[in-house]
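Good morning, colleagues. I should like to use this short slot to discuss one chain. Please look at the screen.

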Amino acid sequence: MSKARNNPLNSFAAHAALITYTLIALFPVFVILVNSFKTRKAIFRDPLALPEADTFTLIGYQTVLKQGDFFLYFQNSMIVTVVSLTLVLLFGAMAAFALAEYKFKGNLLMGLYLALGIMIPIRIGTVAILEMMVSSGLVNTLWALILVYTAQGLPLAVFILSEFMRQVSDDLKNAGRIDGLSEYTIFFRLVLPLVRPAMATVAVFNMIPIWNDLWFPLILAPAEETKTLTLGSQVFIGQFVTDWNAVLSALSMAILPVMILYVIFSRQLIRGITSGAVK
Amino acid sequence: MKNSGIKWHVIVFLAPAVLVYTAIMIFPLFNTLRLALYTEVDQVRQFVGLENFRTLFGNPHWSGQFWNALGNNFWFFFIHMIVQNPIGIALAAILSHPRLRFAAVYRTAIFVPTILSFVIVGFAWKLILSPIWGITPDMLKALGLKWLYAPYLGKEEYALTTLALISVWQFVGIPMMLIYAALLSIPEEVLEAGEVDGITGFASFWKIKLPLILPSIGIISILTFVGNFNAFDLIYTTQGALAGPAFSTDILGTFMYRTFFGFQLQLGDPHMGSAIASGMFGIILIGVCIYLFGIQTRLRRYQF
């Protein structure tokens, strides 16, 4: 390796640039978290200071827990995200297997049809989706959200998973067939375990947009008992605009679950993106 | 393996995905396009052909709002293209330096805003930029730039650009990651061959790496385009459905939401909402076609 690429001055400049941008990226999160633990006076007097013994308070969190049903919202978000992801992975993997494994008439066309949804956002069809959910009585149920997110996640899932399923060795599947395994057993027992890394990538890609979505909860399930955490915090903060302690605490509580998920899955997410899964 | 007749297992494998996708995504999409051709008179749905579109483009009240939202949307997209993508590429270029230490830490930290919801991002920035709290004016004062401060989200001339920059702040991680991946896939021999010819540092980036990552830049551009013309959440969270001040931050997403659901005194109109959604569909379709047929086919891809 030549000297030109290991110049200490360059390396210093690189770190300076990255540290600057990291600070820009984390600053707002830091300000929100820190101030959520401070008294109202301290929030205004010195917004950048850390909470100290005399400025520390949990009053914001108390208001939030008393006034908003955040545990219910959290539970709703959890149910919607987990069930949608399970359905996306199961249905997506099954369809991907069919497209990758079997030669049948219309295989290519079916692949293209399912890929259409990668580029066209599902929100365009909102008017008709709402009409359908109203007439089927699913409006204000978590099922409305689960169905929408499943449909939204399928195109990319099928696309990514079928790429991976093409790489599974034919010998293995044919050995299974000679042993008399059914096509279903081959799929569930032999192929699925082998594409687990790709499934994890798809799950992580879908998790964040589902968890963070505001549009469909607002339109399809705005009732108190079906609010997701994202919609719940939006409504709560809208009502408590002037109560800075409550607003900052509500924001911190909304940040917390995503941060935990991110810390657990960040390696998977970054590996997924950088492995070129989304070419 | 080849048995004649219907292969039931193929149908069983395909059915759930195809059914859900068709019923919840494709069918409503076309149904929305169809609903745009109807209107409601005395609670009865009537076919009116292209009347809604005539209203949308012909009636000055409607067309004014539509062109305003479309223009704002293009500005929103423009800011993303000239700020988000260059910063993303620059960060990726620095990160992909082979001997950089702590690269994983930087990567993880810079990606944090992308995982936050619009609600968190919108309110957090609203508080930080707020003249009441004073974080921004105080920080600018410390830098001797106090004259730069204005209530950015409250001024017609700055609000949209400010929101676009907030959105850039949130999503810069995506181009960064995709370009980073593309840069890592460039083989060392290519760069070394350049070095032998005396192409190093910046020159190596401009003359060797950039041409090789053009396809990734193309993908990022189309992802940004689709994402921006489908945006809604950030504007709704910070400025409400009215996209204030004075509709200066109104984009197609908020315009469609307002029309569809109604606001203040105006009643919601699903058919006009469908007409706007059809317009959005058309715009996204044109963008995707330009990319697929105009840009993607001309970019040369290199196989290593």
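Where in chain B does Phe247(B) lie? It is found in the loop between helix H11 (233-239) and helix H12 (252-261) of that chain. I should say at once that this is a predicted model. In the model, Phe247(B) is not a glycine, yet its phi is positive, near 60°. As to its surroundings, Phe247(B) has 18 other C-beta atoms within 10 Å. Residues count as buried from 20 such atoms upwards and as exposed at 12 or fewer, so Phe247(B) is classed as partly exposed.

Let me turn to another phenylalanine, Phe102(B). This residue sits in the loop between helix H3 (60-95) and helix H4 (103-115) of chain B. Phe102(B), which is likewise no glycine, has a positive phi of about 60°. Around Phe102(B) there are 13 other C-beta atoms within 10 Å, and it is therefore partly exposed.

I now move to the domains. How is chain B divided? There is a domain 1, covering 8-47, and a domain 2, covering 52-295. Their C-alpha centres are 30 Å apart. To the contact between them, domain 1 of chain B contributes 7 residues and domain 2 of chain B contributes 8 residues.

Which elements give two or more residues to the side of domain 1 that touches domain 2? They are helix H1 (8-35) and strand S1 (38-41) of chain B. By residue character, that side of domain 1 comprises 4 nonpolar residues, 2 polar ones and 1 charged one.

Thank you for your attention.

Terms used:
Residues are numbered from 1 along each chain as its sequence is written. Chains are lettered from A and ligands numbered from 1 in the order in which they are written. This is a predicted model: local features need pLDDT of at least 70, side-chain atom pairs count only at pLDDT 80 or more; totals for chains, interfaces and linings use all residues. Helices (H or I, at least four residues) and strands (E, at least two) are DSSP runs, numbered from the N terminus. Domain bounds come from an automatic or database domain assignment. Two residues are in contact if their C-beta atoms, placed from the backbone, lie within 7 Å. Ala, Val, Leu, Ile, Met, Phe, Trp, Tyr, Cys and Pro count as nonpolar, Asp, Glu, Lys and Arg as charged, and the others, Gly among them, as polar.
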